[in-house]
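Student: Could we go through this model together, with you telling me how each label is earned?
Tutor: Gladly, let's take the labels one at a time.

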Amino acid sequence: MQIGHKDNMEKAHIITCTAPVNIAVVKYWGKRDEDLILPINSSLSVTLHQDQLKTTTTVTTSKSFQEDRLWLNGKEEDISHPRLQSCLREIRRLARKRRNDADPDLDSTCLSHKVHICSVNNFPTAAGLASSAAGFACLVYTLAQAFGVEGDLSGVARQGSGSACRSMYGGFVKWIMGHQSDGKDSVAQQVEPETHWPELRILVLVASAERKPVGSTSGMQTSVQTSCLLKHRAESVVPGRMVEMIEAVRRKDFTAFAELTMKDSNQFHATCLDTYPPIFYLNSVSHQVINLVHRYNRHYGETRVAYTFDAGPNAVIFTLQQHVLDFSQAVRHFFPPETNGQFIKGLPVPQADISVELKQAIGLEPMPKGISYIISTKAGPGPCVVKDPTQHLLGPDGLPKRSEKHQDNRVEHKNVC
Ligand code: DP6
């Protein structure tokens, strides 16, 4: 593709990639190094499928660009943010290193070029859906493609946002906390691929699309400074829980996986309450979802459903395919939605009525409109390159295409990669 009409010889490199959201089942909360983003404990997550939730990023490099520029969801943002700069600096450093070490003949002309970056999410930003994880994973993956950098890049994504390192892989992913002060051993690794547990289903119950009150970065900073429960959790609980969780995933033992997931979410929110002043991420809808899940499981005499909550009120539910319909009926009954609009988006779930026995056994007071909608999804792959050139978010002039403005709130895009 040609950019710069003055210089016909000058080629611009353009590349578009997508990256997934991940949801932690053993939570990361607390840093031992704020700049390098090194955690006080290891964590484990499930990568969600990009058919439902993803970030798309286009990177263009050109000799004619005057400066690095960034557009997020249709709006130009300040690229001088230290975390963005860390990622850009690291990728350029690795590209230079690759040229010097391995391949001096490598076409490295674009190394000195400025970049234009354009990124969109197909889900509401800052709704507790880990948009920064998908965003930084996508940024790092796309920059690496643009600059010809290969290998594990989770350590670079980590420097954008801690949880982003886990979005560099599909399926079930652990982030090993590491012990070195330079952070070289604090990386993500795949535990099992997305094909490992095909029956596993994930329902995101969107309770609120509002921005979260306290961001994770400042929240965890206060927790590290004030919560002795967090210290106990990191030192004495998480190491054993990681081993048990990995075992449960490997064995596809839903009961063990579900119970560990719920206990870990509860302990994370307990550390938020133990923070001084306390941090409240859960609201009355979240509490009602917790009650619903426990009463549902009690009614069936087995653990069929689990919840987990990040730094926001939205519940993420794990269950098995055979229980999705029954559990979503319960959600629809106890959180009656507005009649217009689709309540369940993503992977199709047929509509049916809740059984009288289940309704009575749960016996909660319905909370109308407590949940705006459900995104039904499953485990999915890591970042990938988009082959179709019509999907580039930047035009031949290196500026966002008009259609890339205001793309928030879309959740039903088909993955094109
Ligand atoms: C509650 O990765 O958003 O979602 O590293 O400061 O960018 P920073 O924080 P972030 O924290 C995520 C915290 C969490 C739990 C998790 O994803 O493990």
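Student: Why is D68 called buried?
Tutor: Buried means under 20% relative accessible area, exposed over 50%, and partly exposed in between, with a 1.4 Å probe and protein chains only. D68 has a relative accessible area of 14%, so the residue counts as buried. This is a predicted model, where local features need pLDDT of at least 70 and side-chain atom pairs count only at pLDDT 80 or more, while totals for chains, interfaces and linings use all residues. Residues are numbered from 1 along each chain as its sequence is written, and side-chain values use heavy atoms, with hydrogens and water left out.

Student: Where is D68, and how far is D68 from H116 in sequence and in space?
Tutor: D68 sits in the loop between β6 (54-62) and β7 (69-72). Helices (H or I, at least four residues) and strands (E, at least two) are DSSP runs, numbered from the N terminus. D68 and H116 are 48 residues apart in sequence, and their C-alpha atoms are 5.7 Å apart in space.

Student: What makes S265 buried?
Tutor: Its relative accessible area is 0%, so S265 falls in the buried class. S265 belongs to helix α6. Between S265 and V25 there are 7.2 Å from C-alpha to C-alpha, with a sequence separation of 240 residues.

Student: Which of I37 and K369 is buried, and which is exposed?
Tutor: I37 is at 1% relative accessibility and therefore counts as buried. K369 has a relative accessible area of 55%, so K369 is exposed.

Student: What is notable about phi in I37 and K369?
Tutor: Phi of I37 is near 55 degrees, positive in a residue other than glycine. K369 is not a glycine either, and its phi is positive at about 60 degrees. I37 lies in the loop between β3 (31-33) and β4 (38-39), and K369 in the loop between α9 (356-362) and β16 (373-377).

Student: How do you know that the span of α5 is close to the expected one?
Tutor: The expected span is 1.5 Å times one less than the number of residues. Helix α5 (residues 228-251) has 24 residues, for which 34 Å is expected, and reaches 33 Å from its first C-alpha to its last.

Student: Where is the kink in α5?
Tutor: At V237, shortly before the proline P239, there is a kink of about 45 degrees. The bend at a residue is the angle between axes fitted to the seven residues ending there and the seven starting there. V237 is also among the buried residues of α5, which include L230, R233 and A234.

Student: What makes the peptide bond between Y276 and P277 cis?
Tutor: Its omega is about -5 degrees. P277 lies in the loop between α6 (254-274) and α7 (284-300).

Student: How many residues surround the ligand, and which are the closest?
Tutor: There are 18, and the closest are Y28, K31, S161, G162 and S163. A residue is near a molecule if one of its heavy atoms lies within 4 Å of it.

Student: What makes R83, G162 and R166 polar contacts of the ligand?
Tutor: With the ligand, a polar contact is a pair of N or O atoms within 3.5 Å. An oxygen atom of the ligand is 2.7 Å from an N or O atom in the side chain of R83. A ligand oxygen is also 2.7 Å from a polar backbone atom of G162, and one is 2.8 Å from a side-chain N or O atom of R166.

Terms used:
A polar contact is a pair of N or O atoms within 3.5 Å; within protein, one must be able to donate a hydrogen and the other to accept it, and residues adjacent in sequence count only if both atoms are side-chain atoms.
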